[in-house]
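Hi,

Here is the structure I promised to pass along. Have a look at it first, and then read on for what turned up.

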Amino acid sequence: MSSFNATLHHTDDFVLVGFSDWPRLEMVLFVVISLFYIMTLLGNSAIITLSRLDPKLHTPMYFFLAHLSFLDLCYTTSTVPQMLTHMRSHHRTVSFTGCVAQLFTFLALGSTECVLLSVMAFDRYVAVCQPLHYTAIMHSRRCQLLAAVAWTEGFSNSLVQTVLTFLVPRCGQHRVENFFCEVPAMLKLSCVDTWVNEVEMYAAVVVIKVIPAGLIIFSYINIVKAVLRIPSSEGRRKAFNTCGSHLLVVVMFYGSAISSYAYMAPKSSSAKLKGKLLALFYGLITPMLNPLIYTLRNKDVKEAVKKLRWRGQR
C-alpha cells in the first residue's frame, strides 16, 4: 500500500512521443485524423439519436448498437483531442493524473466493446436461430442486464490493470512511445521485471478478448447452419444481411486488436510506426466506420433518416 501511495504522489509528467519522429507524416495525419474524428462524432451521434427517436428502432439490436455508438464516442474522445493538440504544439506532455485517467478510460471502453460485441452476436444468434422465442428471450430487462454486464466487466478489468501498471517503479523514465497512455507502453518504462504484469495482462486478454471471440465464433457457426437450412434464397439473403454488418465490425475490431499485439515490443523505427498506425486504426478508424457499416447495410436506419429529414422540412 505504501508503494502505491508513493506512486500516486509522483508528480512527474509523461512525454507522449506520438508521431514526432515523422514530422511530414504528422502534418498529413493531423488533417486526416481531424476529418475522421468529426465523422466519428457525427456518425455515432446520429445512430444514438435515431435509435431514441424512431419507435421502429426500439429493438434489442438497436439498443445494443446505441450502446456501441456511445462507447465509440467516448473511446475516440479519450485519445484523439489530446493527440491533435500535441501535433500542433511542441508541448507533448501529460500529467501523471491525466495519464492514469486516460489509460483507465481507454482500456475500460476497449474491454467493454469486446464483451458488448459478443452480446450483440448472441442477440443475432437468438434472432436467426430461435426467431419464435426472440421477444421472450431478449426482453427489455435482459437486454439491460447484458449491457450492464459488459460495462461492469470492462471497467473492472481496467481498474485492475491500471492499478497494477502504475504500481511498477519507473526510476525516472517518462518517455512514452505512443500517442496515448496504454499498458504495454507504460510497462516499457519500468526498471524492474514486469513478468507478473505481463502474465496478468495476457490473462485479461483471454477473459476480455479470447472468450468473447469464442462466443462470437460459436454464435456465427450456428447462425450459418440455421441460414443454410432456410429454403428460399430471399430468406437466406435477409438473414445474412441482418448479421453481416455486425460480423464486419467484429472482424475489423478484432483484426486490428490482434495485429497490434505483434508490435507490442517493436525494435526498429518502421516497426514502431506500424504499431502506432495500428493503434490509430484500432482507436479511431474502426469507431468511425461502425455507423457507416450499419447505415449503408440497413434499411431500417435509412428509413429512420428519411423520416427525420421529412420532419425537419415540415
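To start with a small one: which residue of β3 does leucine 16 stand opposite? The partner is valine 176. Do keep in mind throughout that this is a predicted model.

That pair belongs to the sheet, so to speak of it next: three strands make an open sheet, ordered β2-β1-β3, with mixed pairing. The edge positions go to β2 (93-94) and β3 (175-176); each has a single partner strand, so one side of each has no neighbour in the sheet. β1 (residues 14-16) runs parallel to β3, and the two pair over 2 bridges.

Now the cysteines, which I guess you'll want for the bench. The count comes to 1 disulfide, and it joins cysteine 99 to cysteine 181, with 2.1 Å from S to S. The link is left-handed, at -120° about the S-S bond. Cysteine 99 sits in helix α5, while cysteine 181 is in the loop between β3 and α8 (183-187), so the bond ties together parts that lie 82 residues apart in sequence. Are these two cysteines buried or exposed? Cysteine 99 is buried, with a relative accessible area of 0%, and cysteine 181 counts as buried too, at 1%. As for other cysteines, cysteine 114 is buried at 0% relative accessible area, whereas cysteine 74 is partly exposed at 27%.

On to the helices. α2 (residues 23-53) has 31 residues and reaches 45 Å from its first C-alpha to its last, close to the 45 Å expected at 1.5 Å a residue. Its buried residues include Glu26, Ile33, Tyr37, Asn44 and Leu50. α3 (residues 60-77) also agrees with expectation: its 18 residues should span 26 Å, and its end C-alpha atoms are 26 Å apart. α3 is mostly covered, with 13 of its 18 residues buried.

Last, the packing. The largest nonpolar core has 65 residues, and those with the most contacts inside it are Phe19, Ile33, Phe64, Met83, Leu117 and Tyr254. Helix α5 (residues 96-129) gives the most to this core, with 12 residues. There is also a second, separate core of 17 residues, with Phe96, Phe166, Val176 and Met201 among them. Val176 is the valine that faces leucine 16 in the sheet. Back in the largest core, what does leucine 117 touch? Leaving aside residues up to four places away in sequence, leucine 117 touches Leu68, Ile216, His246, Val249, Val250, Phe253 and Tyr254.

Cheers

Technical notes: Residues are numbered from 1 along each chain as its sequence is written. This is a predicted model: local features need pLDDT of at least 70, side-chain atom pairs count only at pLDDT 80 or more; totals for chains, interfaces and linings use all residues. Side-chain values use heavy atoms; hydrogens and water are left out. Helices (H or I, at least four residues) and strands (E, at least two) are DSSP runs, numbered from the N terminus. The expected span of a helix is 1.5 Å times one less than its number of residues. Buried means under 20% relative accessible area, exposed over 50%, partly exposed in between (1.4 Å probe, protein chains only). A nonpolar core is a set of buried Ala, Val, Leu, Ile, Met, Phe, Trp, Tyr and Cys residues joined through side-chain atoms within 4.5 Å. Contact means heavy atoms within 4.5 Å. Two strands pair if DSSP finds at least two bridges between them. A disulfide is a pair of cysteine sulfur atoms within 2.5 Å.
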